[in-house]
Amino acid sequence: MNTSPAEDFAQQLFEESGLTSSHEPIAVVLVSIFLEKHYHLNGRLGRLATEKDDTFRLRTDTGDHLVKVSPSDEAEAIVDLQTAAMRFLESAAPHLPVQRVKPTVDGEHSVAIRLNDGRTRILRVFDFVAGPVLAQTTPDIEQLAKAGEMLGRVDEALKPFAHPADGRRLVWDIRHFHRLTGLLEYTPDAEHRRMAETVFRHFDDIVVPRLGDLESQVIHGDFSPYNVVVDQTSDDHFVTGVIDFGDTVRSAVIFDPAVPMANLLGRTPDAPWRDACAFVAGYQRVRPIKASELPLLPVAALARLTLRALLTNWRAERAPERREYLLGHTKDDWTNIQLALAAHPDDVTAQLREARQGNS
């Protein structure tokens, strides 16, 4: 059966993003052996739920570490991109609370695990950043702005960063959203499908014509409330950790704040864009968004949230071992899309301008 170019592109994008392969958990004993040999670390390994890699919390007598083992189908160059971005920030902006990469006893920043079947998985060790993530808290407007400031600082610091693999294709990169309309057929609820079609139309009309001239650089790519560690008792240092650079990619700069905006939509049902606008107000204190690009931001945020909703069941069907994790992160997405769509994009853009002025 022949497939259309759009279907071929989507399939390739899913494959390159690691969404089509089955996940085989790595043996804990093997990870322990490599930690002892290459890091001289011993302790208790506890597996943590994640999207596609194997992640552990290592508890030792001297402190805790986060251990990640990449999926077997993730290219070594992509893993190196993630590590290189973190190392660059540690050097270029040491004041930023970006999670640190722990070197091996030989000074390397990762270890290749060659499996018997010929596949390779990359093991890395990071400092463990203790504390609640933003998603586990109820931040006020100013705290949301503080989180926005932090992403602005990260993006500012990453401006000169480049890597041979930063042009990777990633399904979560919003620049590809308009080419994924095939996901609509996996949406059984008619109302959900109608809302998604509306978002695709907005994206086609407002964002797609501008994709070629948007300001671009390497971005974090997933500054979601689950990847921001916070301290609610501190006014000056609210954000205490920026973690998970797994979606690092070269893309339009406005797509970086669009990710946390998507996650913040609908937190206050009577004002669904309020928290998202507060975050962007903080972001713009550090990294002002061009006036010509600001109207694209609400549509990009809606596209990101819609993409997550469309992909969730598709992924859960193919990775039942991660079904609970996936659905737990997206249970309210369609409700929040409905709430957010009730506001016209021009009205949201006006809110973004007002929020910036009120927090400048």
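Which residues in α6 meet which residues in α7? Keep that in mind while you load the model, which is a predicted one, and start the tour at this helix pair.

**Stop 1: α6 against α7**

Select helix α6, residues 255–264, and helix α7, residues 274–286. On the α6 side, pick out P257, P260, M261 and L264; they meet D275, A276, F279, V280 and Y283 in α7. Now draw the two axes: they come within 8 Å and cross at roughly 155°. Angles over 145 degrees count as roughly antiparallel, so that is the label for α6 and α7. The crossing is right-handed.

**Stop 2: α4 on α6**

Keep α6 on screen and add α4, residues 141–158. Here the axes lie 10 Å apart, and the packing angle is about 155°. That makes this pair roughly antiparallel too, and α4 passes α6 in a right-handed crossing. For the contacts, show L144, L151 and D155 in α4; they meet D256, P257, P260 and L264 in α6. P257, P260 and L264 should look familiar, since they are also among the α6 residues that meet α7.

**Stop 3: the rings**

Time for aromatics. How many aromatic pairs does a search of the whole structure find? The count is four.

Begin with F88 and F161. Their ring centres are 5.3 Å apart and the planes sit at 45°, so the pair is tilted. F88 is in helix α3 (residues 76–92), while F161 is in the loop between α4 and α5 (190–207), and the two are 73 residues apart. Is each one buried or exposed? F88 is partly exposed, with a relative accessible area of 24%, whereas F161 is buried at 5%.

Next, go back to α7 and click F279, which you met at the first stop. Its partner is F223: the pair is tilted, with 6.1 Å centre to centre and 55° between the planes. F223 belongs to the loop between β7 (216–219) and β8 (228–230), so the pair ties α7 to a part of the chain 56 residues away in sequence. F223 is buried, at 1% relative accessibility, and F279 is buried at 1% as well.

To finish with the rings, select F177, F200 and F203, which form one aromatic cluster.

**Stop 4: next door to F223**

Stay in the loop between β7 and β8 and click S224. S224 counts as buried, with 7% relative accessibility. Leave aside its neighbours within four places in sequence, and S224 is in contact with V259 and N263.

**Stop 5: arginines over rings**

Turn on the side chains of R57 and F128: R57 lies over the face of F128, at 3.8 Å from the ring centre. Then do likewise for R179 and F9, where R179 lies over the face of F9, at 3.6 Å from the ring centre.

**Stop 6: two backbone oddities**

What sign does phi have at H40 and D244? Select H40 in the loop between α2 (28–39) and β1 (44–48). H40 is not a glycine, yet its phi is positive, at about 55°. H40 is exposed, with a relative accessible area of 54%.

Last, jump to D244, in the loop between β9 (239–242) and β10 (249–252). D244 is not a glycine either, and its phi is positive at about 60°. At 28% relative accessibility, D244 is partly exposed.

Key:
Residues numbered from 1 in each chain as written. Predicted model: local features only at pLDDT ≥ 70, side-chain atom pairs only at ≥ 80, totals over all residues. Heavy atoms only, no water. Phe/Tyr/Trp six-rings, centres within 6.5 Å; stacked < 30°, edge-to-face > 60°. Helix = DSSP H or I, 4+ residues; strand = E, 2+ residues; numbered from the N terminus. Buried < 20%, exposed > 50% of the residue type's maximum accessible area, 1.4 Å probe, protein only. Lys NZ or Arg CZ within 6 Å of the ring centre and 35° of its normal. Axes fitted to C-alpha atoms, helices over the stretch in contact; angles between N-to-C directions. Parallel < 35°, antiparallel > 145°, perpendicular 65-115°, else oblique. Left-handed = near helix turned anticlockwise from the far one by under 90°. Contact = heavy atoms within 4.5 Å.
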